[in-house]
Amino acid sequence: MFNFNRFLKRHKFLAIFSGILILFVLSFLASKITLEEDITSLIPAGAKQDVLKKVLDQTEFSDKIIIAISSTSEDGTPEELTKYAQEFIDTINSDLPEYIHNIQGKVPEEGIMEIYGFVYDNLPLFLNDSDYERIDNRLGLDSIQKRIKDDYKSLISPTGLVTKDFIFKDPLSFTNLGLKKLEELQVGDDFKLYNNFLLTKDEKHLLLFLSPRYPASETDKNAVFIEKLKEIQNSLNSEFSSVKSQFFGGVLYSVANANQIKKDIKLTLGFASGVLLLLLIFYYRRIYIPLILFVPSIIGGISAIAMLYIFKGSISAISVGIGAILLGISLDYALHILTHYKNNNDLSHLYKDVTVPIIMSSSTTAVAFLCLLFVKSEALNDLGIFAAISVLVASVVALILIPIFYKVPKEQTLSKETFIDKIAGISFHKKTPLVFLIVGLFVVSLFYFTKVQFNNDLSAINFEPKETKQVEEEVLAIAGSAAKSIYLVAYGNTTDEALETNNKLYENLNSLKKTGKIEGFSSIGGVVLSTNIQLDKIQKWKDFWTPERQEFLKINLIKESAEFGFRAESFESLYDQVSKDFDPIYLEDYRNTKTLYLDDFVSSGQEIATVTTSINLNPGTEEQVLANLKDAENVVVVDRKQINQSFLGNLKDDFNQLIVYSIIAVFLILILFYRSFVLSFLTLLPIGVTWVIALGMMAIFNIEFNILNIIISTFIFGLGLDYSIFITNAFLKEYEFGIKVLKTYRTSILLSVFTTLLGIGALFFAKHPALRSISIVSIIGVFSAVSVAFILQAAIFDFLFIQSRNKGMPPYTPIGLATNFYRASTADKLYFKQEVFANYRYKKIFKQVKRDFDLNKDRYLKVAEFLENENTLHFYSNYGLLAIYLHFKNPKNLIFGAEMDNEKLQISQNCYATHSENLDFDHELSADFSKFKSIVISKSSNKEYEKDIHMLVSTQIQKVIILDEDYAYQWIVDFNFEILYRQNGVILLQRML
């Protein structure tokens with residue numbers, strides 16, 4: 001990365017042009033993507049869920065607005081109610097036609113005639129077995145006599161002008177039997193028609209049902225609609241002194257939720273963003289810092305959307321929204337780089353320090369997000385891909401851009417520590433009470449973390465204004481069962497299949513109503529029939545009206561009606577009716593009868609057709625009835641609670657599996673980078689502890705998971721993982737090189753904590769329950785993650801690695817403890833391999849050191865034999881491998897290693913064996929080296945130590961061992977040394993006496 005950075009600086013024009021071109025292409029591709037706003041895409045899939053999604057996609061459960069018009073005084077009349085209602089309807093139709101689909105609650109005069117004519121013309125389709133029993137009873141002489149007498153009285157009464165046509169067409173009122181089936185299209189019998197309006201039986205309330213044209217998700221348009229509807233309501237309430245109206249519908253909650261979310265975000269995030277900007281500018285001493293910070297995240301998000309467009313073409317809008325929140329993780333990388341660069345204005349060291357941790361962090365976080373692909377949810381799959389690509393791209397872009405754009409202040413050495421630096425300077429892990437506190441929280445949480453509940457009721461995270469809730473309760477009290485429904489949807493590949501299933505459901509519901517298990521139902525099962533059932537009913541009509549029965553009807557009707565002055569041909573229409581050959585009718589014939597409102601019940605598409613029924617359940621029978629109905633083939637129960645359970649019931653289990661998958665995937669990535677099971681485990685352990693503590697706190701404080709905050713938990717998992725990796729690398733840096741960088745790492749983590757708490761955490765002050773739930777889980781998770789990382793994880797690493805090294809012991813890990821045991825019992829007195837390796841294990845150079853030792857161990861053994869009782873100077877000690885081996889081989893001898901390479905020297909100085917008084921490393925010689933009589937030279941001279949070696953050889957050295965065959969040692973021979981051994985790359989020269 002350092003070389004790439006230098007290349008970009010040398011070719012600025014090419015770099016700027018390429019960057020703008022790439023960003024333009026990515027932005028263009030991202031702009032072409034299609035956003036899918038289907039909320040059900042967020043829900044895990046499955047066989048039942050897939051059917052339910054198709055049903056919900058096909059069926060329009062429009063949130064009707066119920067308008068309750070009520071008398072406000074005892075003197076109020078139903079005429080005033082109907083007058084108010086008519087003006088309401090007329091005003092809406094004239095002022096708001098673009099916002100409404102239809103208004104139900106009034107049956108026009110022509111509608112009554114239309115319905116009667118429709119039933120009369122297709123009477124066999126509306127009759128069942130019990131109806132034929134009633135018809136048979138009406139054919140009796142006594143019954144015919146009574147009905148003819150009643151018809152005569154009706155004709156000579158003032159209403160005769162209205163009833164005349166009905167009487168001559170159907171003197172025995174057979175059609176009324178069919179009309180009763182239409183009553184089943186309305187739930188409940190607490191209402192009556194007055195002036196063609198639907199009134200309660202006490203005539204104090206009138207109900208209208210308004211179907212909005214736009215779905216609840218179109219909150220912008222519905223907000224305007226609701227405001228205009230309120231204006232109409234207020235105007236009419238002022239005009240009528242004894243009548244007022246109230247209205248309620250799910251649309252009101254949708255609008256209220258959208259408005260509250262916008263208001264909360266403007267207030268909380270607006271304030272938080274301002275404070276965050278000031279904080280970042282204050283800490284980094286640059287006004288443009290926030291821009292630099294967010295650029296990698298923005299580019300990452302654009303890149304992710306562009307990639308999804310190329311390979312998928314669309315993305316769930318929900319996943320983009322959630323992903324925008326999760327992009328806060330990518331800020332960590334920019335903060336981490338900025339903090340390191342601010343504290344160390346050396347570009348080469350910057351890339352050495354941060355490249356691996358940043359790539360590790362982004363890789364593990366990306367893999368954790370990609371585990372969302374295991375959840376059978378399209379939106380969550382999109383979210384996983386979106387977040388994974390975003391964090392990977394953001395991390396790489398941050399590594400490239402930040403060192404280019406950020407200029408470290410020249411006066412940084414004179415700047416005072418900020419409060420963030422002071423907090424970061426606290427060694428939390430050395431505060432014993434804090435360590436015990438975290439351990440105690442973990443132990444307590446172990447008893448509670450499995451008790452966190454998952455709330456699958458979406459209404460629990462809805463914002464419900466008190467005024468709207470109060471109106472809802474009042475309207476529902478008036479509307480009663482008409483407003484409270486559970487839906488049953490019969491479905492099939494074709495409309496006819498769906499109707500046939502619905503007809504069977506209708507028979508089942510009839511039985512349940514007769515036994516009192518349900519209060520009532522609204523169904524077209526007795527009205528709209530499949531072709532097969534229509535043919536059966538037509539055949540039943542034919543079978544019933546035998547020629548003998550037709551003749552009997554005609555003779556007796558003519559005879560009995562003659563007494564009242566009716567002519568013989570008066571009832572020819574009825575005679576034609578009973579002998580008529582009826583034909584099946586089609587769905588369009590039903591739809592042409594506008595007052596049936598069949599579009600509220602029947603829907604069809606290319607893949608599926610549905611027929612909807614609504615039912616009212618009696619208290620205490622809900623579970624039993626729904627269990628019965630669930631077993632019905634091709635029938636779906638659509639109840640808010642049932643939908644949520646069907647959709648969300650397994651979501652918690654899916655996320656439990658997701659956590660397992662994530663842990664396994666992250667562990668494998670850590671193994672790949674660290675090449676150590678112990679380091680990978682110790683890095684992952686804090687995530688498990690954080691998860692247990694966070695869940696434990698949620699359970700103790702009765703905070704539930706829901707569909708939103710459980711997704712945000714992946715964000716906490718990612719943040720905790722970043723913190724854990726940063727702390728691990730900070731201690732490894734100190735363990736390997738002795739450089740204390742923990743404060744710098746803590747600073748970058750603290751900045752991440754502040755940005756997160758100021759961003760998502762600020763939503764704690766929101767009034768919307770969903771935003772608050774996201775905030776609360778985030779606050780608990782972030783505090784748990786940073787506390788575990790700063791205190792427990794740091795304490796573990798400090799104890800296992802730093803304290804053990806300072807005591808001259810190998811790390812207190814299983815291998816380190818085994819090394820101690822091995823050394824105390826059956827030590828390898830020839831090579832001391834385990835002891836030597838223990839000095840380098842968990843360091844980046846371990847593999848190289850191990851290979852070098854295995855390659856040279858026999859040479860080192862020979863050197864040790866030559867220096868069995870001698871203090872030794874080792875020039876060009878590299879990583880101190882030979883010097884450490886000689887120390888273990890002859891621990892009483894003084895060993896000093898000289899090395900000019902600062903990095904190699906630091907590694908040597910921070911091996912645990914170096915803490916022995918007899919072993920030391922440095923880049924320059926001390927003034928007094930009189931105790932040293934032997935020298936080991938490991939590589940050819942580059943004049944770094946040549947003067948020192950010449951001075952020592954000429955004055956005090958008695959023995960020289962050369963391990964580099966290219967070393968020109970003739971000058972040593974000239975100082976009266978003789979070659980005693982030259983074999984296998986080892987040359988021994990001894991001063992001659």
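A cavity, as I will use the word this morning, is a set of grid points where a 1.4 Å probe fits but cannot get out. With that in mind, the structure in front of you, which is a predicted model, holds five cavities of 30 Å³ or more, and I would like to take you through two of them and then through two pairs of helices.

Let me start with the largest cavity, which encloses about 80 Å³ of space. Its lining is made up of T365, A368, F369, L372, L658, I659, S662, T714, F717 and G718, and three helices, α15 (347-370), α27 (651-674) and α29 (709-737), each supply at least two residues of that lining. Sorted by class, the lining of the largest cavity has six nonpolar residues and four polar ones, with no charged residue.

Two of those helices, α15 and α29, also pack against each other, and their axes come within 9 Å and cross at roughly 155 degrees. Angles over 145 degrees count as roughly antiparallel, and therefore α15 is described as roughly antiparallel to α29; the crossing is right-handed. On the α15 side the contact involves D353, P357, M360, S361, T364, T365, A368 and F369, and these meet T714, F717, G718, L721, D722, I725, F726, N729 and K733 in α29. That contact divides into eight nonpolar, six polar and three charged residues.

Turning to the second largest cavity, we find a volume of about 70 Å³, lined by W691, A694, L695, M698, F705, S713, I716, V777 and G781. Here the helices that give two or more residues are α28 (677-700), α29 and α31 (769-806), and the largest share, four residues, comes from α28. The lining of the second largest cavity has seven nonpolar and two polar residues, and again no charged residue.

Finally, I would like to move to another pair of helices, α12 (residues 289-311) and α16 (residues 378-405), whose axes come within 7 Å and cross at roughly 140 degrees. That angle makes α12 oblique to α16, and α12 passes α16 in a right-handed crossing. The residues that α12 brings to this contact include I292, V295, P296, G300, G301 and L308, while those from α16 include D382, F386, I389, V393, L401 and F405. By class, the contact of α12 with α16 has 18 nonpolar, five polar and one charged residues.

Methods:
Residues numbered from 1 in each chain as written. Predicted model: local features only at pLDDT ≥ 70, side-chain atom pairs only at ≥ 80, totals over all residues. Heavy atoms only, no water. Axes fitted to C-alpha atoms, helices over the stretch in contact; angles between N-to-C directions. Parallel < 35°, antiparallel > 145°, perpendicular 65-115°, else oblique. Left-handed = near helix turned anticlockwise from the far one by under 90°. Contact = heavy atoms within 4.5 Å. Nonpolar A, V, L, I, M, F, W, Y, C, P; charged D, E, K, R; others polar. 1 Å grid on protein atoms, 1.4 Å probe; cavity = no way out; pocket = protein on both sides within 12 Å on 5 of 7 lines; lining within 4 Å. Points joined across faces, edges and corners; volume = space filled by probe spheres on them.
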